[in-house]
Amino acid sequence: MTRLADLAELVRAPAALSVPGDVLSGAAAAGTLDRRTPALAGASVLLYWAGMAANDWADRRLDAVERPERPIPSGRIRPATALGVAAGLTAAGLAVAGAAGGRRATALAVPLAATIWGYDLLAKNTAAGPAVMAACRGLDVLLGASVGPARGRGGREAAPAARGLVRALPAGSGLVRALPAALTVAAHTWTVTALSRREVSGADRRLPRATLAGTALVAATALGRPDPVPVALAAGYAGRYGAAQARVLADPSPARVRAAVGAGITGLPALQGALTARAGARLLGLAVAAAAPLGRRLARLISPT
């Protein structure tokens, strides 16, 4: 029988703490935070886990050489089981997104799922890999903005923190409002994915130099207007992830690269929190960022990479 612990390792369960913040930051930016948002975040987690399972299924032969301890090459999970888990989680994620957000959410969730599978099966080992993975995260942020402005009884807007944003642009432009946040998260994802391609072989120093510059730009973008909450969260993100990349610059060994990738994954909630707080939802932004230290603790039990 397949153990629950093996399934958790297959889908990198703790890494999913970096996922809900995508939807929350997108919803905050678009002014769509309401009771539908948690369900959309849940759908996002399901699709993320599906992508992790599909990734291991697609890499099963390579992992047999480079990472024989992974669940499939070690024999703890059969390839057919991993593929079934990936397909089932994808179906569940699409169903939850559709139930929560209707056609608008489905219109984002379907291309998101297709992009995830496209990365795992086609793009990952190509030059387009980092860009495709960045597109996955960008679409995930836009999923939170897909359901239209949050409204209360009588058609009044229900989210006080987002009222100014809702007034700023015509109805139906939530995706436009969320686009800067989506591009910021996508840029961060590009840096992590580019580094992850050198987890086994080690990196040329040009790579961490480029990703470190990208991280500085991402953090600056997340600041927005002068506000202590997003400033503090963006600084924390840049400090921890940037320090890990600086260590790769000094010693581009596989172990240092893997550590930097882990820092990028577990540090993403701080960036998402900064983007959420920048949109006016400060307390929610702090809550999102709180997933970062928890993710680092859980990463000691199950590797997020």
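What radius of gyration would a compact globule with 305 residues have, and what does the chain have? Let's start there and then zoom in.

**Figure 1. The whole chain, a predicted model made of helices.** A compact globule of 305 residues would have a radius of gyration near 19 Å, and the chain has 19 Å, so the two agree. Along the principal axes, the C-alpha atoms fit in a box of roughly 60 × 45 × 30 Å. If you count up the secondary structure, you get 13 helices and 0 strands. Reading from the N terminus, the elements go α-α-α-α-α-α-α-α-α-α-α-α-α. Buried residues make up 52% of the 305 in the chain. Take the contacts with a separation of 6 or more: 77% of them join residues 24 or more positions apart. As for the outside, the chain exposes about 13,200 Å², with carbon and sulfur atoms supplying 64% of that area.

**Figure 2. A look into the largest pocket.** This one holds about 960 Å³ of space. Helix 3 (37–58), helix 4 (60–66), helix 5 (79–123), helix 6 (129–143), helix 8 (174–196) and helix 11 each give two or more residues to its lining. Helix 3 chips in the largest share, with 7 residues. The lining has 43 residues in total, and those nearest the pocket's centre are Asn55, Tyr119, Lys124, Ser196 and Glu199. Sorted by class, the lining of this pocket comes to 16 nonpolar, 12 polar and 15 charged residues.

**Figure 3. The largest cavity, one of 2 in the structure.** How do you find empty space inside a protein? Rolling a probe the size of a water molecule over the atoms shows where empty space is left. A search of the whole structure turns up 2 cavities of 30 Å³ or more, and the largest has about 50 Å³ of space. Helix 11 (254–278) and helix 13 (291–299) each supply at least two residues of its lining. Among the residues around this cavity are Pro14, Leu17, Ile265, Thr266, Gly295 and Pro304. The class count for the lining is 8 nonpolar, 3 polar and no charged residues.

**Figure 4. Arg12 and its positive phi.** Most residues other than glycine have a negative phi. Arg12 is not a glycine, yet its phi is positive, at about 50 degrees. You'll find Arg12 in the loop between helix 1 (4–10) and helix 2 (20–30). Is Arg12 buried or exposed? Its relative accessibility is 4%, so Arg12 counts as buried.

**Figure 5. Ala8 and its contacts.** Ala8 sits in helix 1. Skip the neighbours within four places in sequence, and Ala8 is in contact with Ala13 and Ile302. For a sense of distance, pick Val192: Ala8 and Val192 are 184 residues apart in sequence and 22 Å apart in space, C-alpha to C-alpha.

**Figure 6. Pro71 in its loop.** Pro71 belongs to the loop between helix 4 and helix 5. Its relative accessibility is 0%, which means that Pro71 counts as buried. Which residues does Pro71 touch, not counting those up to four places away in sequence? They are Asp6, Glu9, Leu10, Asp56, Arg76 and Ile77. Arg61 lies 10 residues from Pro71 in sequence, and the two are 12 Å apart in space, C-alpha to C-alpha.

Methods. Residues numbered from 1 in each chain as written. Predicted model: local features only at pLDDT ≥ 70, side-chain atom pairs only at ≥ 80, totals over all residues. Heavy atoms only, no water. 1 Å grid on protein atoms, 1.4 Å probe; cavity = no way out; pocket = protein on both sides within 12 Å on 5 of 7 lines; lining within 4 Å. Points joined across faces, edges and corners; volume = space filled by probe spheres on them. Helix = DSSP H or I, 4+ residues; strand = E, 2+ residues; numbered from the N terminus. Nonpolar A, V, L, I, M, F, W, Y, C, P; charged D, E, K, R; others polar. Buried < 20%, exposed > 50% of the residue type's maximum accessible area, 1.4 Å probe, protein only. Rg over C-alpha atoms; globule rule 2.2 N^0.38 Å. Contact = heavy atoms within 4.5 Å. Areas by Shrake-Rupley, 256 points an atom, 1.4 Å probe, with all protein chains shown as cover.
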